[in-house]
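Trainee: Could you take me through the empty spaces in this protein? I would like a close look at the cavity and pockets, and at what lines them.

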Amino acid sequence: MNIPPAFSFLVCLRLLFAVLPLSGQNLLKHDHQLSSPLTSYLRLKEGLWLLDNNIDPYTGGSFHHSPLLLSLFSTIVSPLPIIWAISDAVGAWALLRIWRACQGLSSQNGTRSNVEILIIVSVYDPSPYFEHAPNALRSYLLNPYLLLPSLALSTSTFENTLTVLALMFASQGKVASALLATAFAVHLIPSSILLLLPIFIVLVSSPVSHLAI
């Protein structure tokens with residue numbers, strides 16, 4: 001798949017945000033507008049500390065994160081800011097794949113079939129639509145409603161990524177992968193169960209948008 005230059009630039013910028021020390025990052029972690037007790041990084045660290053000291057994190061009612069996150073950050077990786085940046089990059093990549101699926105583009109090389117090209121060129125001018133990929137990437141990686149919670153290390157970042165991955169797999173017709181990503185998303189946040197209906201609709205129909213042609 002052809003990767004737009006904007007994708008590489010925005011991902012590198014997001015990784016720099018994770019690596020370089022930001023003066024206001026500690027303030028972001030304590031901002032209740034960016035994270036809640038269900039997604040707070042501080043609560044996550046508290047749960048990991050309790051687990052390390054052989055104390056059940058779920059006793060006392062102060063820890064509400066999914067056991068998936070507890071298992072991930074206690075056995076596989078540490079809760080470092082770079083993990084949030086990678087999650088954002090994966091979400092942006094999945095959004096790009098969704099955009100290509102809605103345009104009817106091949107996921108391998110970003111091209112349409114010859115018949116589709118002849119039909120589209122003869123009726124429409126598709127060039128403006130192919131310029132929208134950088135806009136889709138910017139709308140994800142630079143969206144303050146997504147970027148600021150991610151910089152605050154809110155676990156809602158992982159929920160967003162799993163949601164976009166589930167939609168990406170559905171747009172590619174990968175039933176098992178779409179349902180698995182949805183199951184993980186529901187485990188992190190139960191309201192993701194609402195994704196089942198739109199994912200089912202995408203799976204039984206075509207992801208190609210008639211508005212995008």
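Mentor: Here is a walk through the spaces, from the enclosed one to the open ones, and then out to the surface.

Keep in mind that this is a predicted model. Start with the frame. The protein has 12 helices and 0 strands. Of its 213 residues, 40% count as buried.

Now the enclosed space. The structure holds 1 cavity of 30 Å³ or more. The space inside this largest cavity comes to about 40 Å³. Its lining consists of Asp88, Tyr140, Leu146, Pro149, Ser156, Thr157 and Asn160. Two helices, α9 (144–151) and α10 (156–171), each give at least two residues to that lining. Helix α10 gives the most, with 3 residues. By class, the lining of the cavity has 3 nonpolar, 3 polar and 1 charged residues.

Asp88 deserves a second look. Asp88 is part of the cavity lining, and its side chain also meets that of Arg14 in a salt bridge, at 2.8 Å from N to O. The two partners come from distant parts of the chain: Arg14 sits in helix α1 (residues 5–19), Asp88 in helix α5, and 74 residues separate them. Both Arg14 and Asp88 are buried. A search of the whole structure finds 1 salt bridge.

Next, the open spaces. The largest pocket has about 340 Å³ of space. Its lining counts 13 residues, and those nearest the pocket centre are Leu69, Leu72, Phe158, Leu162 and Leu188. Four helices each supply at least two residues of this lining: α4 (67–76), α5 (81–103), α10 and α11 (175–188). Helix α10 thus appears here and in the lining of the cavity. The class count for the largest pocket is 11 nonpolar, 2 polar and no charged residues.

The second largest pocket has a volume of about 160 Å³. Among the residues that line this second pocket are Leu38, Thr39, His64, His65, Ser66 and Thr155. Glu159, His187, Ile189 and Pro190 also belong to its lining. Two further members are Leu69 and Leu188. You have met both of these: Leu69 and Leu188 are also listed nearest the centre of the largest pocket. By class, the second pocket is lined by 5 nonpolar, 6 polar and 1 charged residues.

Now move out to the surface. Val175, Leu179, Ile193, Leu194 and Leu196 form a nonpolar patch there. Together they have about 460 Å² of accessible area. Take Leu179, which lies in helix α11. Is Leu179 buried or exposed? Leu179 counts as partly exposed because its relative accessible area is 42%, which falls between the limits of 20% and 50%. Helix α11 also supplies residues to the lining of the largest pocket.

One last stop is the loop between α10 and α11, where Gly173 lies. The relative accessible area of Gly173 is 48%, so Gly173 is partly exposed. Gly173 and Ile199 are 26 residues apart in sequence. In space, 9.9 Å separates them, C-alpha to C-alpha.

To recap, the cavity holds about 40 Å³, the largest pocket about 340 Å³, and the second largest pocket about 160 Å³. Asp88 ties the cavity lining to the salt bridge with Arg14.

How values were computed: Residues numbered from 1 in each chain as written. Predicted model: local features only at pLDDT ≥ 70, side-chain atom pairs only at ≥ 80, totals over all residues. Heavy atoms only, no water. 1 Å grid on protein atoms, 1.4 Å probe; cavity = no way out; pocket = protein on both sides within 12 Å on 5 of 7 lines; lining within 4 Å. Points joined across faces, edges and corners; volume = space filled by probe spheres on them. Nonpolar A, V, L, I, M, F, W, Y, C, P; charged D, E, K, R; others polar. Patch = residues over 30% accessible without salt bridge, like charges linked within 9 Å, V, L, I, M, F, W, Y side chains within 5 Å. Areas by Shrake-Rupley, 256 points an atom, 1.4 Å probe, with all protein chains shown as cover. Salt bridge = Lys/Arg side-chain N within 4 Å of Asp/Glu carboxyl O. Buried < 20%, exposed > 50% of the residue type's maximum accessible area, 1.4 Å probe, protein only.
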